[in-house]
Amino acid sequence: MITSDSSKHIWKFFRAGGFDQVRFETGADLLNLGQLDQKLWAALSCPTRGLELDPKTLDLIDLDKDGRIRSSEILTAVKWACSMVKSPDVLLRRADAIELNAINDATPEGKALLASATQILANLGKDGATKISVDEAADTAKIFAQTKFNGDGIITAETAEDAATKSLVADVIACLGSEQDRSGNPGVSQAKVDQFFAEALAYSEWVKKSETDAASILPLGEQTAAALTAFKAIKGKVDDYFTRCRLAAFDPRALAAVNRSETEYVTAAAKDMSVTAVELSGFPLATIAAGKPLPLQEGVNPAWTAAAATLSAVVIQPMLGSRTSLTEAEWTSISGRLSAYESWLGSKGGTSVEKLGLARLREILACGGKDSLTTLIAKDKTLEPEASSVAGVEKLVRLHRDLKQLLVNFVSFEDFYARERKAVFQVGTLFLDGRSCDLC
């Protein structure tokens, strides 16, 4: 690799647009770019979007990912690219592919990069090829299509060697979604695996609580869920009824008010009525009287007879036996017995894995599947350096193709003034009166 000797480097300039601009002719110009006074640069910043240049290349140069490329990032890219080739002259050729023998294998990073480039070509069925292009280096799906491990920390069902582990990967994906592996296939990371097993354990423990304390949590067994639904459907009206009865017991003068006024009945009766009428459903559940039990059959507000009948059949009879009315004490007892079940429902964990069913989840927790997946992910991560070298290959071939184009539109505006090629910041052509103007 040629090294920089800035004390002897001679720059060449051309004059355009009213000022002198540096000309890039040799690799030595690249090596010494950091020594060029930035007052002589045509630009010191440019966006990564909206230019006539591959945005992926610009993204690789944009180290802080702020959507702009600055002079310091240009210098970093140039320095790295020069260190990866035997002669920086090759970086001025604007070629889509770089010769493998141009890569500098005298350094550990360059040697690893050359090995990765050779492996990429082999994976693409081009073993023995002497150069690698941008398209070949960028097609990670094809590069890693036949590899079980690729260093990204994500494993797929194909990574697993046994049916049980393959099935487990599929279960994790079914519940939590997938992450894309470098091969292009859906897979899972360690974070997904940890989340899956945490939720599986949470769901299993949640169900176990109802198994160990069934008498309290499930007072009606499998029918407790239906009972809670019927209870909640009319709970507000029953609570309202007994509160009004207590108010009437507290002060007889409140009796007329808590039963609603005759005027309200007259207003409601003046309209076409149905049992679903809003006005009707707003009246008390039954006629209010001090200490009066709630009737369950006769004397129930027509808008609530169906809900009262369901409450009686699904909740009251199974818990208290057959009856035609319900006291406030009995209602309080029912509320207490169902509150434990309602609290248990509210503490439910692992909802995202529930679809697999309790039996499958407990099978997974008992078989040590988490250790198997963790081992595979760790094995995949050991290849991260090799995978990083693959990314380095793409970076090098992109800079080999695009670096000079960027420099002659950033450090100088050679492309703009030379007119042989379109400048990267030109965005269109205006045709007017038989003439054309390039827009920027």
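In the predicted model, helix α8 comprises the 23 residues 190–212, and because each residue should add 1.5 Å, a span of 33 Å is expected, which agrees with the 33 Å that separates its end C-alpha atoms. Among the buried residues of α8 are the aromatic side chains Phe-196, Phe-197, Tyr-203 and Trp-206, together with Lys-192 and Glu-199.

Helix α15, formed by the 19 residues 328–346, reaches 26 Å from its first C-alpha to its last, which is close to the 27 Å expected at 1.5 Å a residue. A kink of about 30° is nevertheless present in α15, with its centre on Ser-339. Trp-331, Ile-334, Ser-335, Leu-338, Tyr-341 and Trp-344 are the buried residues of this helix, and they pack against α8 as well as against α9 (214–217), α10 (224–250), α14 (305–320) and β11 (325–326).

In helix α18 (residues 384–407), attention falls on Lys-404, which is buried yet has no salt bridge, the nearest side chain of opposite charge being that of Glu-414, 5.5 Å away. When neighbours within four places in sequence are left aside, Lys-404 is in contact with Phe-24, Leu-91, Leu-92 and Arg-94.

An open sheet is formed by three strands in the order β7-β9-β8, with antiparallel pairing. Strands β7 (155–156) and β8 (179–180) stand at the edges and have a single partner strand each, so that one side of each is left without a neighbour in the sheet. The antiparallel pairing of β7 with β9 (residues 186–188) extends over two bridges, and Thr-156 stands opposite Gly-187 of β9.

Note on methods:
Residues are numbered from 1 along each chain as its sequence is written. This is a predicted model: local features need pLDDT of at least 70, side-chain atom pairs count only at pLDDT 80 or more; totals for chains, interfaces and linings use all residues. Side-chain values use heavy atoms; hydrogens and water are left out. Helices (H or I, at least four residues) and strands (E, at least two) are DSSP runs, numbered from the N terminus. The expected span of a helix is 1.5 Å times one less than its number of residues. Buried means under 20% relative accessible area, exposed over 50%, partly exposed in between (1.4 Å probe, protein chains only). The bend at a residue is the angle between axes fitted to the seven residues ending there and the seven starting there. Contact means heavy atoms within 4.5 Å. Lys and Arg count as positive and Asp and Glu as negative; His and the chain ends are not counted. A salt bridge is a side-chain nitrogen of Lys or Arg within 4 Å of a carboxyl oxygen of Asp or Glu. Two strands pair if DSSP finds at least two bridges between them.
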